[in-house]
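Open the model in your viewer and set it to cartoon view. Keep the selection tool at hand.

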Number of protein chains: 2
Amino acid sequence: MNPYNAPLAEMRFLLEKVFDAPKTWSELPAMAESVDMDTAAAILDEADKISRELIHPINRSGDEQGVRHQADKVITPDGYKAVYDQYAEGGWVGLCGDPEHGGMGMPKMLGVLVDEMAYSACNAFTLYGSLTAGAALAIHAHGTEELKQRYLPKMYSGEWSGAMDMTEPQAGSDLRGIRTKAVPNDNGSYNITGSKIFITGGDHDLTENVIHLVLAKLPNSHGISLFLVPKIKVNADESLGDANGVTVGSIEHKMGLKGSATCVMNYDGAEGYLIGRPNRGLVCMFTMMNYERLAIGIQGLGTSQAAYQMATDYAKDRVQGVAAGGSPTGATSDPILVHGDVRRMLLTVRTLTEAGRALSVYTGQQLDLAKFSDDAETKAKASRYVGLLTPVSKAFLSDRGLDAAIMAQQVFGGHGYIRETGIEQLVRDTRIAQIYEGTNGIQAIDFLGRKVTGDNLTALKEFIAEHVSNINQFEHVSTDDKIKVLSLFEQLLVIAADVNENKLTKPALINACAVDFLDAFGYSLYGYFWLAMTNAANDHVDSSFKQQKQKLSRFYFDKLLAKADYHLSQVAMGDAAIMDMDEALF
Amino acid sequence: MNPYNAPLAEMRFLLEKVFDAPKTWSELPAMAESVDMDTAAAILDEADKISRELIHPINRSGDEQGVRHQADKVITPDGYKAVYDQYAEGGWVGLCGDPEHGGMGMPKMLGVLVDEMAYSACNAFTLYGSLTAGAALAIHAHGTEELKQRYLPKMYSGEWSGAMDMTEPQAGSDLRGIRTKAVPNDNGSYNITGSKIFITGGDHDLTENVIHLVLAKLPNSHGISLFLVPKIKVNADESLGDANGVTVGSIEHKMGLKGSATCVMNYDGAEGYLIGRPNRGLVCMFTMMNYERLAIGIQGLGTSQAAYQMATDYAKDRVQGVAAGGSPTGATSDPILVHGDVRRMLLTVRTLTEAGRALSVYTGQQLDLAKFSDDAETKAKASRYVGLLTPVSKAFLSDRGLDAAIMAQQVFGGHGYIRETGIEQLVRDTRIAQIYEGTNGIQAIDFLGRKVTGDNLTALKEFIAEHVSNINQFEHVSTDDKIKVLSLFEQLLVIAADVNENKLTKPALINACAVDFLDAFGYSLYGYFWLAMTNAANDHVDSSFKQQKQKLSRFYFDKLLAKADYHLSQVAMGDAAIMDMDEALF
């Protein structure tokens, strides 16, 4: 299997030149003292090193061996524990955690890049830390001071891990039907009883405790509340106490992600602690869920990058056929990189991945502004953008992740179907990213139904107006390309307004057209990011970097942006042909 | 796992109403006496039965257990041998074989439907028989009478299986580089020495002999010749003789298709018999290869159908959420089939599968006409159409097969990622169909470079003119839909002429744009088939059948046909953005 090398120059370029991270950080009181470009660059270098040297080597062996469930214990693949210990010791789990509770306080804008590297190196391993960071975020946002002090330090340090316990067999996309019960105790805690399925990192041997965030219902209530339920009870001094009636029922056998423990969890009167207000559990859980949704988008992005590297290395190495029009070197056989169709596939993966990274960093930036800005207006606007972009990041990045893995596999020909090559694992591992943390259909409905039409297009209009204004300031990109993106933005607003006007008389319209709307938005936004990157690369010290961005941008505009038009046309066709079919005819 | 039920009404409808098979058969001397719609319907019924009751039950267990390589033997999964024996005894391997040598002499038009059912039931199992039938076809077309008499009866009967041995480590898409040698013996046979990789069904325990068709080079020749090389030598009386120096080196560990033995084969002075003329091996092999290319398209089609059935059953059964606008039954939760996005996915799979089946049957019909017509003009035209449609069937059906499996998996949500559900196996199994027998990129280049522009558009013009004429005769479809397909056909001709004019000055153009051209053709042709099916369903005795076709056709025209426009626009953008990037920048 190929080594993994993080695209560090790309990452620094995005932070510094495209999104002006130093300016953002200098304006945020929590960041101004702790991070600048030098710090960020040093962290990126170190993350590259551990991703390449530590995490990537357990990727394939973990897939081959998988997680085992033996004698009530969940055992991760060989090497996972040793790697995890080093990873946790390096402070990576708490990279963006609150310094008051032991986190490193780094911006999410940087965190997304570190996450990308780790996911590129190994999808399955990286989930453990990602779930922990997400759970810590929810505890930080909604937990009592006591809970924060008792749990956050050991979560940020990676000594304990986190898990998100929502799904039950009868309650997946629709959580109304959950049956897990929470009965109040006299001491303010609750007795949690029930079963959860599909719990990523629900149990394992990497940490001595697992902190579950569990959705459950209070007696006589239809509302859903959120509880912190440790696998092992924690004493006031943070030492471990008794087992807490939290057991693993079984682990799932999956298509991929075999190093990640996906558990059925049983709660038998386990002691739990309310997070947030009673019956407001979904709101609190969404703090974690939104974090995970972005993380899962980044899983797709990391996969795309890994896929691109593997396929490109192969295409430079594999000799087969001669270039159309004659070998450039006069050889009797050329590397397959000379073939137009191979280039088409590689450039597709490359341009989608680079724009995807821009989306990821931009979303991280908005998260930082929403959390840390001391300007109320900036903070509120960033929150609206985070709301808008979270479902897009999750769905569009993970969909493109699968596309990338499949195209990269195709470059390998027959060798791509063989396990030893490693590329087929990427396809299997990344496939789940389109499904979990809310299927991409659910994301699209959240986007079009809640984030776009739910506030009468206010956030979308604001977002597009700002980016239109940016485009008008770009001086180093072609006017034709600008016009294309401006036109798409305008069409998106028109079609969104149309959906908004018709959503009451055509109640199925949003559900039926949401995926196409999200895709149209995604391809349009990537057009914007290609403009932004090309413009910012104009004065790059490395002239080949500038040239690269111009040529990649040309490819994106010539060959991929038109997908936005296709998806827009699909939204315009409405829902009639979809809904006008009796169920019996299926 | 869901049971498999063949779409028999659809299949009969295509044969009888859409493509008027009875008329075709009555006009072919080899068919007129042996097959009519009653015979065909009886064969379809029986094929449905064995696919459902015999083959499908070993699908998942075979995936779990896989093929093993122990002590120089390749052992298929439990149950394969017993099922294979019954399958062979039923005459299914020789269904379309020449009756003079023990085949059943059935038309390919029917054979494609039987193949589809078997692939729906189990991708991996079905390959064994498919390779045998393909090898028999090549022996029948190019072998000496002696070879035919000695090998065909036991291949048609399924007692011996066939394999296609082309690829070597250094020679995949580009076969010029093969190193396997064939040295003439005094008795007219050849000594074959070399190694082949990725040999499907190269060795296994289903049959007592495996008949390899091996590409090798004669001494001092750059040309490639084709040899029949049995695993065990065959005496003149068809009894088995000595082992023949054909051994299996190893078996591949693959993403899927785990019940299919993919072997490294070693030839150590094995006795082989020339098929066809020296140095003309590729031409002879293409008889087999073209057969397999259609078969692999049908693998994708069979997967699509199985995926549709599984996802639809799940969507009717799984209750989650309420229909937008309120539950149609007043329930608090509805089957997910009510949701627009779920319907969008199911209808996409359904409409592509039905049109794909039409493509498969139509291609089968052209194969029958090319082989059996006694009218020279009909025969020649059908041969041109077969040439045109073979790469399209292979690539477009297998690409849509993966799309279908992935969409169907998405309908299952989290359950779709779990092995027990069975849908993820379809994704893994069908992925290879886009790669083997020539990657889909190679198919597209064959289509645009050889079949379309290679004869200055003669075949394409003829094909489109005939179908334009058909469209003008359809009385029961909307004029708007007709106009859309007619316009696409016209645009295809224009763009193909443009590529043809520029192919010398832009040598990379065909390679770079071939996939988009094939996709544009595929979606346009499916538009044609939806017109043809809707038109033919107009007087169907079952009025719901007619209604179904009208509504499905509406969906296809509203929601999918526009993909043809997208791909056409990509061809029109040419190769500049693809080729204008230094190799160093990748």
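The stops below go from the contact between the chains to single residues. Keep in mind that this is a predicted model.

**Stop 1: the interface**

Colour chain A and chain B separately. Select the residues of chain B that are in contact with chain A: there are 91, and they meet 91 residues of chain A. The area buried between the two chains is about 8,100 Å². Carbon and sulfur atoms give 57% of that area. Now pick Tyr417(B), Lys559(B) and Phe586(B). Together they supply 11% of the area that chain B buries against chain A, more than any other three residues.

Next, look for polar links. Between chain B and chain A, 60 residue pairs are in polar contact. Which helix of chain B gives the most residues to the side that touches chain A? Select residues 543-560 of chain B: this is helix H18, and it gives 10 residues. Colour that side of chain B by class and you get 37 nonpolar, 29 polar and 25 charged residues.

How many salt bridges cross the interface of chain B and chain A? The rule finds two. Show the side chains of Asp580(B) and Lys551(A). They meet in a salt bridge, with N to O at 3.2 Å.

**Stop 2: an annotated region of chain A**

Select residues 279-444 of chain A. An unreviewed UniProt entry places the feature "domain: Acyl-CoA dehydrogenase/oxidase C-terminal" here. The stretch is 72% helix and 0% strand. Its end C-alpha atoms are 26 Å apart.

**Stop 3: an enclosed helix**

Stay in chain A and select residues 423-431, helix H13. Nine of its nine residues are buried, so the helix is largely enclosed by the rest of the structure. Charged residues are on the buried list too, including Glu424(A), Arg428(A), Asp429(A) and Arg431(A).

What do the buried residues of H13(A) pack against? In chain A, show helix H5 (59-65), helix H8 (123-142), helix H10 (281-317) and helix H12 (376-411). Then add helix H12 (376-411) and H13 of chain B.

Now show the side chains of Arg60(A), Asp63(A), Glu64(A), Arg419(A), Glu424(A) and Arg428(A). A network of salt bridges links them.

**Stop 4: salt bridges within a chain**

The structure holds 62 salt bridges over all chains. Try three of them.

- Select Glu116(A) and Arg357(A). Their side chains meet in a salt bridge at 2.8 Å, N to O. Glu116(A) lies in helix H7 (residues 108-121) and Arg357(A) in helix H11 (residues 340-372), so the pair ties together parts that are 241 residues apart in sequence. Both residues are buried.
- Move to Arg428(B) and Glu424(B). The closest N and O atoms of this salt bridge are 2.7 Å apart. Both residues lie in helix H13 of chain B, four residues apart, about one turn of the helix. Arg428(B) is buried, with a relative accessible area of 1%, and Glu424(B) is buried at 0%.
- Go on to Glu146(B) and Arg150(B). They form a salt bridge, with the closest N and O atoms 3.2 Å apart. Both lie in helix H9 (residues 145-156) of chain B, four residues apart. Is each partner buried or exposed? Glu146(B) is exposed at 52% relative accessible area, whereas Arg150(B) counts as buried at 18%.

**Stop 5: loops with a positive phi**

Most residues other than glycine have a negative phi. Check two residues of chain B against that.

Select Asn279(B). Its phi is near 65 degrees, a positive value. Asn279(B) sits in the loop between strand E11 (262-275) and helix H10 (281-317) of chain B. It is partly exposed, with a relative accessible area of 37%. Now add Ser225(B), in strand E7 (residues 225-230) of chain B. The side chain of Ser225(B) reaches the backbone nitrogen of Asn279(B) at 2.7 Å. Ser225(B) is buried, at 0% relative accessibility. Among the other residues that Ser225(B) touches are Val214(B), Leu274(B) and Pro278(B).

Then select Glu437(B). Its phi is about 60 degrees, also positive, and it is not a glycine. Find Glu437(B) in the loop between helix H13 (423-431) and helix H14 (440-452) of chain B. Glu437(B) is buried, with a relative accessible area of 12%.

Terms used. Residues are numbered from 1 along each chain as its sequence is written. Chains are lettered from A and ligands numbered from 1 in the order in which they are written. This is a predicted model: local features need pLDDT of at least 70, side-chain atom pairs count only at pLDDT 80 or more; totals for chains, interfaces and linings use all residues. Side-chain values use heavy atoms; hydrogens and water are left out. Contact means heavy atoms within 4.5 Å. Buried area is the accessible area (1.4 Å probe) that two parts lose on being put together, summed over both. A salt bridge is a side-chain nitrogen of Lys or Arg within 4 Å of a carboxyl oxygen of Asp or Glu. A polar contact is a pair of N or O atoms within 3.5 Å; within protein, one must be able to donate a hydrogen and the other to accept it, and residues adjacent in sequence count only if both atoms are side-chain atoms. Helices (H or I, at least four residues) and strands (E, at least two) are DSSP runs, numbered from the N terminus. Ala, Val, Leu, Ile, Met, Phe, Trp, Tyr, Cys and Pro count as nonpolar, Asp, Glu, Lys and Arg as charged, and the others, Gly among them, as polar. UniProt positions are given in the numbering used here, feature names are shortened, and annotations may be inferred rather than shown by experiment. Buried means under 20% relative accessible area, exposed over 50%, partly exposed in between (1.4 Å probe, protein chains only). Lists of a residue's contacts leave out its neighbours within four places in sequence.
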